[in-house]
Structure formats: structure tokens, C-alpha cells
Amino acid sequence: MINVLFFAQVRELLGTSSLQVEYSPELTSTEALRAKLATSDDKWAKVMASDKLLVAVNQTISNWQTEIQDGDEVAFFPPVTGG
């Protein structure tokens, strides 16, 4: 299983803070996981657009080509801005 976490506005828009995704050989990268989640429905597709998200694997900021494995924790969150 992959433990998927959602933070800040991503969590609010999706209405959930986490979910478990069954690991499969097709889920080899953060991009593959993002794409799978985006197919859930139109809301998920909009929120999971890669140009609006940052991703971390096992609490380390990552990119869309980062490999994932069974048992990993993957977090999605919006870019942070401040002033």
C-alpha cells in the first residue's frame, strides 16, 4: 500500500486528508500516482493537475519522476507563497 497524504488547500478541495492506494507495477513514479488519482472524477482531475502541486516522498520534497515503492508515503500540497 501507498499512504497518500493531502495538505492545505488540496486537502480542503478534495475533502480528505489521506487515503491508501494499492501498490501496483504501474505505479512506479509520483507522476503515475498523480495521474491515477486524477482519473477519479473531474474534481480530482482539476486538483491533481501537476502544475498546481508539489509532491514529497517519505517526507522529502520530490519531483514527478521520483520512483515510489510499496510502503512509501506520498504527500501532495500546493506551492507555498509568502510575503
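The questions and answers below look at one strand and one salt bridge in a predicted model.

Reader: How many of the 5 residues of strand β5 are buried?

Author: Strand β5 covers residues 73-77 and is described as mostly covered. Buried here means a relative accessible area under 20%, and the number of residues in β5 that count as buried is 4.

Reader: Which residue in β5 is the bridge partner of Leu54?

Author: Leu54 belongs to strand β3, which spans residues 54-57 and runs antiparallel to β5, with 4 bridges joining the two strands. Strand β1, residues 2-6, also pairs with β5, but in the parallel sense and over 4 bridges, and there Val4 stands opposite Val74. On the β3 side, the bridge partner of Leu54 in β5 is Phe77.

Reader: Which side chains meet in a salt bridge, and what is the N to O distance?

Author: A search of the whole structure finds 1 salt bridge. Its two residues lie in helix α2, residues 30-38, and are 3 residues apart, about one turn of the helix. The side chains that meet are those of Glu31 and Arg34, and the N to O distance is 2.7 Å.

Reader: Is Arg34 buried or exposed?

Author: For Glu31, the partner of Arg34 in the salt bridge, the relative accessibility is 28%, so Glu31 counts as partly exposed. The cut-off for a buried residue is a relative accessible area under 20%. Arg34 has a relative accessible area of 12%, and therefore Arg34 is buried.

Key. Residues numbered from 1 in each chain as written. Predicted model: local features only at pLDDT ≥ 70, side-chain atom pairs only at ≥ 80, totals over all residues. Heavy atoms only, no water. Buried < 20%, exposed > 50% of the residue type's maximum accessible area, 1.4 Å probe, protein only. Pairing = 2+ DSSP bridges. Salt bridge = Lys/Arg side-chain N within 4 Å of Asp/Glu carboxyl O.
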